[in-house]
Each structure stands twice: as C-alpha cells, then as structure tokens.
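Biologist: Could you take me through one part of this protein up close? I'd like to hear about the salt bridges, and please keep it friendly for a first-year student.

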Amino acid sequence: MCSACAVTGGSSGIGKCVAIEAAKLGANVTIIARDSNKLQAATDKIKTYVIHESQRISYLSLDISRDYPFVKKCLHNLEVELGPIYILFSCAGTAICGTVEQLSIEDANYLINLNFLGTLHVVKALIPSFKSQKEGFIAITASQAALLGIYGYSTYCCTKFALRGLAECLHMELKPYNISVTLALPPDTDTPGFENEEKSKPEATREISQKGGLFKPEIVAAQIVKDVLGKKFFSTVGLDGAMLTVLCSGMSPASSILRLLYESCFMGVLRLISHYIHYDMAKIVTKHENIEVQEKIDT
C-alpha cells in the first residue's frame, strides 16, 4: 500500500490502530478527530511505524458531525495539500447506553449526529474525488449492534443500523466506479470509548455484552485493514461476528461465490441458534427488571 488514506476517529481506539496498520504498509496517513492534543500524540505514535522516510503522517482537527459545507471544504483543502485520498477508514463514533425511555433526546441527537451524520458527511464530501479517480476503498466502522437490537443500546443500535444501510447503498452506487465498500462490525473492543461506554451501561446490557468477550483494538484494526484491501463487504472478528454476518446477510452483497454458498448453507441452522441466544438475552433482561422492581419495593 502506498496510497493516501484518511482515518476519522484516528486519535484513539480502533481508528488509531487502523492508522498504525496503514502506516506499517507504507501509506500516507491523515487522522481526523476533534482534540488537537490527542491528535498530535497519536500522530507522533503512528510515525514510529512508518517503513520509509517519504511517508507523510498528519492530522486534521475537525468536528465531522456538524456543518457539512465546512467539512467538505476542509477535506477538499486536505486533498489539495496532500493529494487524492484513495482509502477512507470511517472510525469515528461513540456509545451512550440507555433504553428508549431512559436516554435523553440530547444524547440521542448527539449519537445520530456523530455516528451517522459524521460518517455521511465525510463519505459524501469525498465521493466526487473517488469517482474521478475511478478507484478507491471506503470502510465504514459500525458495530455488531448494526445487526441486532440489544437492550440498553436503543439509539446507538439505530445509528449503527443506519450505517449498514448506508454501506449497502454505497456498494451499489460506487461499484461501477471500481470503489470498494466494507462494513466493519467490531465486537466490544478495549478502547477509551468502551471504557466511557461502561459508565452508562445498564446491568442487563453489561451482562449480555460480557458473553461476547472483549477484544484488543490492534486485532480488530488489523482485520479491518485486511478485509478492506481484500474487498470484502463484511469485516468481523470472533465467532459471534462470523455467525451474525451469515445470519443477517440477507440482501447484502456477497464478496464471492464461495461466500454466497457459505451463507446459504449455514443461514438456516444459525437461525435456530439465534433464537436460543435471543431467549437467553430476554431472560437476562427479565432477571434485572425483577431485581429493580424488588429494590423499589424494599425502599
């Protein structure tokens, strides 16, 4: 890889690790986030992984969640300065937990603006450049929560479901221009964002999510980069992710005939397994709801 790539959410977590993986492959990397201090620290770290002296590692401080015309202008200026972006890793996002009843409208708007509109703004701004080059890669980082509703992730799931729809539409729109689209579906990952997410997570949600385990961001990032360059539509890590992408493949594009046959063969039996998993999650929710009711009675 010697192309220029941009990584939103690149100052920490999965985004930072994706930028490191790209640097290891020889790419010129620009990381995008809001906090200049974190961006500078991340840039210094990424520079230690370059493989040749001519590589350019830079950062852009930008709030991608608001003011689309300004986002478009900043990305245009970035390409004028550094050259065309061939690979976009959209990794910016966050989670605030709570049921529909619990989550404030302000928090819901924040999640929609950052997780969905932030991704849409950057992709939309760069599409003309990608199409003029007639090649490129776009990776949209969603979550396994893009494939199923989970107690306590009400608005978060909605924003991630939206990213799946965006990725499927982009795949259809951009394929004639030789532009590959990948939807990354990471599991719970040990990042600063996950640590912050834990603060608002209901106990039932925590018990459900713990069943899937916690993955290192370096492992998730390496898989994302590999799958993007391999032009796979889904990028997953772990058994749960593999199962969910088969079970929920539906009308999603198949990366190959072999993948299509694999999904067709296993979708039926996985539907039976998923029913048991859903039943188990429902039991966890009922257990914690009963605990809350009993606590209110006791007080």
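Modeller: Here is a walk through the salt bridges, with a quick look at the whole chain to get started. Keep in mind that this is a predicted model. The chain has 10 helices and 7 strands. With 299 residues, a compact globule would have a radius of gyration near 19 Å, and the chain's 20 Å agrees with that. Half the chain, 50% of its residues, counts as buried. There's also plenty of long-range contact: among contacts between residues at least 6 apart in sequence, 71% join residues at least 24 apart.

Now for the charges. The chain carries 29 positive and 30 negative ones, and the mean positions of the two sets are 7 Å apart. Side chains of opposite charge can pair when their charged atoms come close. Searching the whole structure turns up 10 salt bridges.

Let's start with Glu198 and Lys201, whose closest N and O atoms are 2.6 Å apart. Are these two partners buried or exposed? Glu198 has a relative accessible area of 22%, so it counts as partly exposed. Lys201 is at just 5%, so that one is buried. This pair has company, too: Glu197, Glu198, Lys201, Glu203 and Arg206 are linked in a network of salt bridges.

Next up is Glu207 with Lys287, a salt bridge with an N to O distance of 3.0 Å. Glu207 sits in helix H7 (residues 203-210) and Lys287 in helix H10 (residues 257-298), so this pair ties together parts that are 80 residues apart in sequence. Both ends are partly exposed: Glu207 has 24% relative accessibility, and Lys287 has 39%.

Helix H10 takes part in another link as well, through Asp280. The side chain of Asp280 meets that of Lys211 in a salt bridge, at 3.4 Å from N to O. Where does Lys211 sit? Lys211 lies in the loop between H7 and helix H8 (217-229), while Asp280 is in helix H10, so here the parts being tied together are 69 residues apart in sequence. The two ends of this bridge have contrasting surroundings. Lys211 is exposed, at 54% relative accessibility. Asp280, at 18%, counts as buried because the cut-off for buried is under 20%.

So what should you look for in the picture? Find helix H10, then trace Lys287 back to Glu207 in helix H7, and Asp280 back to Lys211 in the loop between H7 and helix H8. After that, look for the network that includes Glu198 and Lys201.

Methods: Residues are numbered from 1 along each chain as its sequence is written. This is a predicted model: local features need pLDDT of at least 70, side-chain atom pairs count only at pLDDT 80 or more; totals for chains, interfaces and linings use all residues. Side-chain values use heavy atoms; hydrogens and water are left out. Helices (H or I, at least four residues) and strands (E, at least two) are DSSP runs, numbered from the N terminus. The radius of gyration is taken over C-alpha atoms; the globule rule is 2.2 Å times the number of residues to the power 0.38. Buried means under 20% relative accessible area, exposed over 50%, partly exposed in between (1.4 Å probe, protein chains only). Contact means heavy atoms within 4.5 Å. Lys and Arg count as positive and Asp and Glu as negative; His and the chain ends are not counted. The place of a charge is taken as NZ of Lys, CZ of Arg, CG of Asp or CD of Glu. A salt bridge is a side-chain nitrogen of Lys or Arg within 4 Å of a carboxyl oxygen of Asp or Glu.
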